[in-house]
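Hello,

Here is the structure I said I would pass on. My notes follow below it.

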Amino acid sequence: MKEYFLKKAEENLPEIKKKEIVINVEPITLGVGDTYIIDLGNHHVGYFSFKMWYVDGYIDAPVRMAVRFCETNTEIDDDYSDYKGGLCASWLQEEIINVDFPGVYNMPRRYAARYIKISIISAPKACALSDFVFESVTSADVDKLIPFDIRDLKLEKIDKVAVNTLKNCMQRVFEDGPKRDRRLWIGDLRLEALANYYTFNNSEIVKRCLYLFAATERNDKGAIVSHLYENPIFVSGDWYISDYSLLYVCSLCDYYNHTGDEETFKDLYSVARSAMDAAENYKDDYGIVDGGAFIDWCPGLYNKTAFEGIYLYTLDLWCQTIKKLNYTEVDIYSKRLEEGRNIAFEMLFNKEKNAFINKFDENQYSVHSAVWMVLGGVVSGEDAKKILLNALDSEDSVKPKTPYMHHYVVDALITLGLIERAEEYIKYIWGGMVDDGADTFFEIYVPNNPDFSPYGDRKINSMCHAWSCTPTYFIRKYGLGYDL
């Protein structure tokens, strides 16, 4: 089956579309110690070339230069020599190159950038640089972007940046970030696919990603690996993140519900079912799922309640979808859903505090727990509104750190009909990034703490990240910013 899945994935390999961004400037004369900064005008992903020529005579030794690719203007003057992050420093986008001869120099690697900083380190004499060209690449067809009328100017700006974020992460697969990692993660796939349905509507790339995960290895419980590599060769990742395995099921259900592609759903049904059933193997003696869940890049977060919510949320979507297709197994999963919601409310909800504060999460109060209990259908109606809003407004609750988790906050607000609050939240989080000059949305965003990084150093953060693109999904699906 692995070869079959890989073959189906390759049948849906998207075409990479290229566009040249030409920087029309007169030749720039630079000597040792000089720097020149190019502004591409927007964030792009692609390849850079330039021409080097001599000024006062032939250059008889290599010109050594540092070429730095910056996603934001804050990176232009960063000192990379003091980098102390937990991820490999080779992801920092700076190359030390030697240009041996006058002529056009094509840099071989792909970069993500708004700004390009060129510094001359060593040269026998001054040189002239010109003919700067950045060839942007994406599998998003901008000519097929679905038009949408947004009357709220703030939301219109947010939508534009969200679409650009999605475009730059759409390559051969839905990459998590074009600067760093450049791989396919289930959590990012799920959110990118939702945004894609309402913008570029490229169902083939979603199908490709689903088949690629179908070709990966399972762990001994049947869960799906959380990420994979596919270029230049296919390699299954080696991390099993429990909530991501479940979100593969959500992604497949979303795909079927959007496209009606029953053939693909049937092809991948056994894969999704194995992931769904794997959750049963994670249940503790109380009947609550327990495993290595991600939930959010949030230091100190206890996440058992949130993980249970994701399980119930996935069960609900799975039941709705297989019921449409008349799968007889729906009765099994519907029973699990009903029992799971009852157990979750009994074991995880604190009636005295009217909040999901419990011993399983060390009595921690978090927005994450409230959000996922709402989305999992454990609470609903006016009671759920109070629980969620109290968690969001409390000074004592742990708050989300990533746009990934912020997405599900907005989802929960909209689920409860709190549309105005959802708009406010989008403007606060994603609008805050726009106010900070974002051309694409960041991997991490904590208002009033721009240096926060789960990796120990802001310089390694991705400033164009797939899981941050979903405001366009909410704005377009629910017509936010239309009725003023």
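Helix α2 passes helix α13 in a left-handed crossing. This is a predicted model, so please read everything here in that light. α2 covers residues 153-169 and α13 covers residues 471-478. Their axes come within 8 Å and cross at roughly 125°. That angle makes α2 oblique to α13, because it falls in neither the parallel, the antiparallel nor the perpendicular range.

Which residues of α2 and α13 meet? From α2 come Leu155, Ile158, Asp159, Ala162 and Val163. From α13 come Pro471, Thr472, Ile475 and Arg476. Sorted by class, this contact has 6 nonpolar, 1 polar and 2 charged residues.

Next, the cores. In soluble globular proteins, nonpolar side chains tend to be buried together. Here the largest nonpolar core has 127 residues. Phe174, Tyr248, Phe265 and Trp318 have the most contacts inside it. Helix α7, residues 304-324, gives this core its largest share, with 11 residues. A second core is separate and has 28 residues. Leu30, Met107, Ala123 and Phe134 are among them.

Phe265 deserves its own look. What does Phe265 contact, leaving aside its neighbours within four places in sequence? The list starts with Leu252, Cys253 and Tyr256. It goes on with Trp318, Thr321 and Ile322, then Leu325 and Tyr327. Trp318 is also named with Phe265 among the residues with the most contacts inside the largest core.

Now helix α9, residues 367-375. Why is α9 described as largely enclosed by the rest of the structure? The reason is that 9 of its 9 residues are buried. Buried here means under 20% relative accessible area. The residues in question are Val367, His368, Ser369, Ala370, Val371, Trp372, Met373, Val374 and Leu375. They pack against four helices: α7, α8 (330-348), α10 (381-393) and α11 (403-415). Just after α9 comes Gly377, with a positive phi of about 75°.

Two residues other than glycine also have a positive phi. Asn326 has a phi near 60°. Asn326 sits in the loop between α7 and α8. Is Asn326 buried or exposed? At 66% relative accessibility, Asn326 counts as exposed, because the cut-off is over 50%. Glu362 has a positive phi of about 55°. Its place is the loop between α8 and α9.

There is also a cis peptide bond. It runs from Asn231 to Pro232, with omega near 10°. Pro232 is in the loop between β10 (227-229) and β11 (235-236).

Last, Arg64. Arg64 lies in strand β4, residues 63-70. With a relative accessible area of 39%, Arg64 is partly exposed. Beyond its neighbours within four places in sequence, Arg64 is in contact with Ile96, Ile97 and Asn98. The other contacts of Arg64 are Ser119, Ile120, Ile121 and Ser122. How far apart are Arg64 and Asp100 in space, C-alpha to C-alpha? The distance is 8.6 Å, while the two are 36 residues apart in sequence.

Best wishes

Definitions and conventions: Residues numbered from 1 in each chain as written. Predicted model: local features only at pLDDT ≥ 70, side-chain atom pairs only at ≥ 80, totals over all residues. Heavy atoms only, no water. Axes fitted to C-alpha atoms, helices over the stretch in contact; angles between N-to-C directions. Parallel < 35°, antiparallel > 145°, perpendicular 65-115°, else oblique. Left-handed = near helix turned anticlockwise from the far one by under 90°. Contact = heavy atoms within 4.5 Å. Nonpolar A, V, L, I, M, F, W, Y, C, P; charged D, E, K, R; others polar. Core = buried A, V, L, I, M, F, W, Y, C linked by side-chain atoms within 4.5 Å. Buried < 20%, exposed > 50% of the residue type's maximum accessible area, 1.4 Å probe, protein only.
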